[in-house]
There are 2 protein chains.
Amino acid sequence: MDRPHDASEYGPIAGAARAALEAVFGERLTFNKATRAQHGTDMSYHVPAPPDAVAFAAGEAEIVAAVKICAAHRIPIVPYGAGSSLEGHVIAVHGGLCLDLSAMDAILAINPGDFRATVEAGVTREALNHALRDHGMFFPVDPGANATLGGMSATRASGTNAVRYGTMRENVLRLRAVMADGQVITAGSRAKKSAAGYDLARLLVGSEGTLGIITEITLALAPIPEKISSAVVAFESLSDAVDAAISVLQAAIPVARIELLDAVQIRASNAYSRLDLAEKPTLFLEFHGSEQSVAEQAELTAALCAEFNAGPFSWAVKTEDRNRLWKARHDAAHAAIAYRPGCRPMVTDVCVPLTGLAESLLHARRLMDAGSFPGVIAGHVGDGNFHAAFLIDPDNSAEIAEAQAINDQIVDQALASGGTCTGEHGIGLGKRHSLRKEAGAALDVMATIKRALDPENIFNPGKIF
Amino acid sequence: MDRPHDASEYGPIAGAARAALEAVFGERLTFNKATRAQHGTDMSYHVPAPPDAVAFAAGEAEIVAAVKICAAHRIPIVPYGAGSSLEGHVIAVHGGLCLDLSAMDAILAINPGDFRATVEAGVTREALNHALRDHGMFFPVDPGANATLGGMSATRASGTNAVRYGTMRENVLRLRAVMADGQVITAGSRAKKSAAGYDLARLLVGSEGTLGIITEITLALAPIPEKISSAVVAFESLSDAVDAAISVLQAAIPVARIELLDAVQIRASNAYSRLDLAEKPTLFLEFHGSEQSVAEQAELTAALCAEFNAGPFSWAVKTEDRNRLWKARHDAAHAAIAYRPGCRPMVTDVCVPLTGLAESLLHARRLMDAGSFPGVIAGHVGDGNFHAAFLIDPDNSAEIAEAQAINDQIVDQALASGGTCTGEHGIGLGKRHSLRKEAGAALDVMATIKRALDPENIFNPGKIF
């Protein structure tokens, strides 16, 4: 599947192809070098590669037209939202046309009674939440970055709230997508559940632009809780912190967020955000519910954490107090980068069953402690998902090789414990060899589906496979 | 896709094919007429059709062998669990081999700390729940029948608990399946979430035996709640009952079950179960949580129902009292059949967005009131899903045609309101024309996937397409 970039295989955007694309997009088709460069990179450590051109789509009909032109001339298409992907998804390794959907930013419908919103693919998470505020609702999937909902669907994003509210897998009810033959399909419905044929919505969610271009999404929403309460608590050891988190989850406390920062990350955050947190493994918690339910959750959680030598709890209820309390968590990525000036983080993203989490985390921490560069851990521990970020010098090939070796060891350990090589960042360019290890023969089934639905391999070639 | 049963197309189970299957299954391969007849029917109104032979599989290796033999000789394979499907899924419309997986009933692992169990496909829901009781956990998907977990996965089953706990879509974490080329794949992982490639587990869940034969499933479990409380409450009108249910859901009360029986169903239940419930539209509710949380949920629900002219609430907490209180709901299907002696129910199964539910239900009720046979409604109203059962004389072709026409009108109305033609029963034989209406071009994509993964169309031919 992963063919080399070969000029004889893919066509250039020139001649009739270029004229046809110009007829569709007019001045919204650009060959400008800076625009191409900006669209050929993401927030990952992967080496950028610009597309041959960028088209700013204004609607689905233009995408259909572009797909037909690119299919006829065998030109790769890379869909682009906010460029916030973390495994090189938008990097145009085979050149071709980058289709920027960020101008498709209409919120098409908000149905408060059904807890549903329908949006164009370019609407960002924050724009949607802004529009929902007056309706007393919010969209709960929060990967940190202000990604587009199309991009979040395509990469099966999740984040801090997923422990309570699920990921894009659970929260995309229906989507429209342009397939490689130019057909537009609607997958799923606005109903909460369905047993009507193959679950194409779930197949397209997480397909990373390789099966179809998602143009419109109907999402499940959640009511803004009557009460939100946040807490931060430090532990003497990483295993105490993890075991406390696990005991909270095993007690079925419906915690809305339960995040872990390890001691090195806290040190980085103290420096970056001018905080004075104890430099110990720390849990960041949030509870949603009625006044009574939040009080009950908080009390139970505090009692469980006490069994694992928890330090004192800091609590906050008002929005600004909660934001201050959670500042170290919110700024964790920036703090990590600042911790080693000039570094670029290589972030890995395994997810394991809860009972394997402590072992996986400690294993990762040991590998990083023995490494020749600093590393930090931040985890969505409620899901068994954590990010180990290696703060490497991007110009030092020895460090890159060492980081990749540690990354592989963390992945291997996660797979051995029944987990997955990526909880939320996706495969993209960086985890293709890990997917082969994880999926085995199932990767051949994925490749068969890819060939059947995109026989010319024009949709985001070089990703996943 | 839906080829006619043609002796020249599919091979008979004879000669070398028969010898090869006998070598695999020995005496567990049978051509016995009664066994074939029993395996060629389900719990639906569809006309039975026996397979040519039935093989009782003892393990995955035998299924691999059977698939290879059947592929070589172009013999259809119909997987069989408990025979409790409701749209003809196990009816062998093209003959072939019925692969009975019910003897593959080993519970392979229970991981209490991870809330996971791994089972062979033939384990039934009740057998699993029996084994889980000592661990303080249960498997929450409850379609009523004691189906196998393989069958429930293959049909994307749900039921009364789905409003709180989700369906098989959400609760299957990992599965093993034998594909049409004899390869065994593992899809998904034991982790709570994953972004590793295409979501093949979700593709196989609900594929109705047409893409692969599910042999093993890892499921998410839930803790048995500290407290369970049940309630029954009658309303003056169907719309009051539905509006009350909707207001409970819109208030984000985490109700564990919220079921509706309409007045005709209550009348049938009173007669069948010797009850004296008011013959009015009635909600059956269940709350799960801590002592405090259940009390809070119950109080809020009662207050909301009062705004819709609710009658007095009956409450129960002890298991036997709850079972007595919910008896009408538990026996609803049997009561419906007994309501018209000699009838066979044709059950439809639409699911709509919450705000369209009252209109869909009233529309269905009006059509049934104007029909020439009785009809009852029972609904998983928390999901917007309801079953309208037409109690028809199976020997009266005019009634069958009339029921099918009403069924189509109910489906058309549900699709027009953004819903789906089936919330949980699946497509099977009976909803194929409805799926074409609902999915449009997406059905072509499903067919492309089917052809790619099962090019000889040996897996449960005639279903879905």
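This passage describes the predicted model of two chains, its symmetry, its sheet, its domains and its contacts.

Local features are reported at pLDDT of at least 70 and side-chain atom pairs at pLDDT 80 or more, while totals for chains, interfaces and linings use all residues. Residues are numbered from 1 along each chain as its sequence is written, with chains lettered from A and ligands numbered from 1 in the order in which they are written.

The model scores ipTM 0.96 and pTM 0.97. Chain A has a mean pLDDT of 96, and 98% of its residues reach 70 or more; pLDDT is the predictor's confidence in each residue, from 0 to 100. Residues 1–5 of chain A fall below 50. Beyond near neighbours in sequence, this stretch has 11 contacts in the model. A contact requires C-beta atoms, placed from the backbone, within 7 Å. Where pLDDT is low, the predicted coordinates should not be read in detail.

Chain B superposes on chain A by a rotation of 180° with 0.0 Å of shift along the axis, at an RMSD of 0.0 Å. The fit is by least squares on C-alpha atoms of residues with pLDDT of at least 70 in both copies. This is the relation of a two-fold axis. Both copies use the same surface, as 100% of the contact residues of chain B recur in chain A.

Each chain puts 73 residues into the contact: 73 from chain B and 73 from chain A. On the side of chain B, the elements giving two or more residues are α7 (168–171), β9 (184–188), α8 (200–204), α11 (291–306), α17 (432–439) and α18 (441–453). Helices (H or I, at least four residues) and strands (E, at least two) are DSSP runs, numbered from the N terminus. The most comes from α18(B), with nine residues. By class, the side of chain B divides into 31 nonpolar, 28 polar and 14 charged residues. Ala, Val, Leu, Ile, Met, Phe, Trp, Tyr, Cys and Pro count as nonpolar, Asp, Glu, Lys and Arg as charged, and the others, Gly among them, as polar.

In chain A, an open sheet of seven strands follows the order β15-β12-β14-β13-β17-β18-β16, with antiparallel pairing. Pairing requires at least two DSSP bridges between strands. The edge strands, β15 (314–316) and β16 (344–348) of chain A, each pair on one side only. Neighbouring strands are turned by 15° on average, direction ignored. Axes are lines fitted to C-alpha atoms, for helices over the stretch in contact, and angles run from 0 to 180 degrees between N-to-C directions. Five bridges join β16(A) to the antiparallel β18(A) (385–392). Thr348(A) has Ala388(A) as its bridge partner in β18(A).

Two helices of chain A pack on the sheet. Helix α11(A) (291–306) touches β12(A) (227–234) and β14(A) (282–289), at about 155° to the direction of β14(A). Helix α16(A) (397–416) touches β16(A) and β18(A), at about 165° to the direction of β18(A).

An automatic or database assignment gives chain A domain 1 (107–223), domain 2 (227–331) and domain 3 (334–426). The C-alpha centres of domains 1 and 2 of chain A are separated by 29 Å. Four residues of domain 1 of chain A contact seven of domain 2 of chain A.

The axes of α17(A) (432–439) and α18(A) (441–453) come within 6 Å and cross at roughly 115°. Leu435(A), Arg436(A) and Ala439(A) of α17(A) meet Ala442(A), Leu443(A) and Met446(A) of α18(A). This contact has five nonpolar, no polar and one charged residues.
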